[in-house]
Amino acid sequence: MKKMSLRTRVLTGAVAVGALGAGTFGAMSANASTPAAAVKADTADRNLQQSTHLTIAAATKAAQAALDAAKKENQRVSVAVVDRNGNTLVTLRGDGAGPQSPESAVEKAYTAVSWNAPTSELVKRLEQAPNLKDIPGTLFLAGGAPVQVKGAPVAGVGVAGAPSGDLDEKFATAGVAALGR
């Protein structure tokens, strides 16, 4: 191998350091800037939709209020709050609540928010459309109440475990009402 002169080695090293520095600077610049594919949009854009969601604090407040209402009547229930998309935000299993009650509470909450109606009302719809009960994740028993903002559903509260659906729904409604205080 031929030995390079001092001048050639210095120039080669300078070029290598420069190339490395330029590559590093370019990578850092690319990461710090807005991606080229980004599209500016504002709320007036027809491709965007705004939605309202409960905070975890609000969902917890509603669930605790429902659980407290049940406890006042010596009922052992579970409470669930789901968001507009049916995702569970909070589940509280009361002391002594049955093993099926947490899942039933989630399904009642999901059903209430999906149809924007109390589940006791939805039970009546089964007479005209019995196939509704076959939709996965739903439970057409009283005990679910929607949370609405300007008439639109933003969440659902479900309660399960009391001896009647009427009691479950009474407690779910107490959870919804707590959000207005």
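Start by selecting helix H2, residues 56–72, in this predicted model. H2 lies across three strands: S1 (78–83), S2 and S4. Look along H2 and S2 together, and you'll find H2 running at about 30° to S2.

Now add helix H3, residues 101–115. H3 packs on the sheet as well, touching S1, S2, S3 and S4. Its direction makes about 155° with that of S4.

**The sheet**

Hide the helices for a moment and colour the strands. What order do the strands take in the sheet? Reading across, you get S2-S1-S4-S3, an open sheet of 4 strands with antiparallel pairing. S2 (88–93) and S3 stand at the edges, and each has a single partner strand, so one side of each is left without a neighbour in the sheet. On average, neighbouring strands are turned by 15° against each other, direction ignored.

**Strand S1**

Select residues 78–83 to pick out S1. How many of its residues are buried? The count is 6 of 6, so S1 is mostly covered. Both faces are covered: on one side sit Ser78, Ala80 and Val82, and on the other Val79, Val81 and Asp83, all buried.

Next, follow the partners of S1. On the S2 side, the two strands pair in the antiparallel sense over 5 bridges. Click alanine 80, and you'll see threonine 91 of S2 standing opposite. The hairpin of S1 and S2 has 4 residues between the strands. Pick glycine 86 in that hairpin: this residue takes a positive phi near 85°.

On the S4 side, 6 bridges join S1 to S4, again running antiparallel. Select aspartate 83 here, and alanine 155 in S4 is the residue opposite.

**On to S3 and S4**

Move along to S4, residues 152–160, and its pairing with S3. These two strands run antiparallel and are joined by 6 bridges. For a landmark, select alanine 145, which stands opposite valine 157 in S4.

**Salt bridges**

Bring the side chains back. The structure holds 4 salt bridges, and three of them are stops on this tour.

Go to aspartate 168 and lysine 108 first. Their side chains meet in a salt bridge, 2.9 Å from N to O. Which parts of the chain does this pair link? Aspartate 168 is in helix H5 (residues 165–178) and lysine 108 is in H3, so the bridge links distant parts of the chain, 60 residues apart. Are the two residues buried or exposed? Aspartate 168 counts as buried because its relative accessibility is 3%, and lysine 108 counts as buried at 4%.

Then jump to helix H4, residues 119–125, and select glutamate 121 and lysine 124. Here the side chains meet in a salt bridge at 3.5 Å, N to O. Both residues lie in H4, 3 residues apart, about one turn of the helix. Glutamate 121 is partly exposed, with a relative accessible area of 38%.

For the third stop, select lysine 133 and aspartate 134. They form a salt bridge in which the closest N and O atoms are 4.0 Å apart. Aspartate 134 counts as exposed, at 52% relative accessibility.

**Threonine 138**

Stay in this region and click threonine 138, in the loop between H4 and strand S3 (144–149). Is this residue buried or exposed? Threonine 138 is buried, with a relative accessible area of 10%. Its side chain reaches the backbone oxygen of isoleucine 135 at 2.6 Å. To see what surrounds threonine 138, leave aside its neighbours within four places in sequence and show its contacts: Glu107, Tyr110, Thr111, Trp115, Leu132 and Lys133. You've already met Lys133, as the salt-bridge partner of aspartate 134.

**Zoom out**

Finally, show the whole chain. Its secondary structure comes to 5 helices and 4 strands. From the N terminus on, the elements run α-α-β-β-α-α-β-β-α. Buried residues make up 33% of the 181 residues. Among contacts between residues at least 6 apart in sequence, 62% join residues at least 24 apart. Switch on the surface to end the tour: the accessible surface comes to about 11500 Å², and 57% of it belongs to carbon and sulfur atoms.

Definitions and conventions: Residues numbered from 1 in each chain as written. Predicted model: local features only at pLDDT ≥ 70, side-chain atom pairs only at ≥ 80, totals over all residues. Heavy atoms only, no water. Buried < 20%, exposed > 50% of the residue type's maximum accessible area, 1.4 Å probe, protein only. Polar contact = N/O pair within 3.5 Å; in protein donor to acceptor, adjacent residues only side chain to side chain. Contact = heavy atoms within 4.5 Å. Pairing = 2+ DSSP bridges. Axes fitted to C-alpha atoms, helices over the stretch in contact; angles between N-to-C directions. Areas by Shrake-Rupley, 256 points an atom, 1.4 Å probe, with all protein chains shown as cover.
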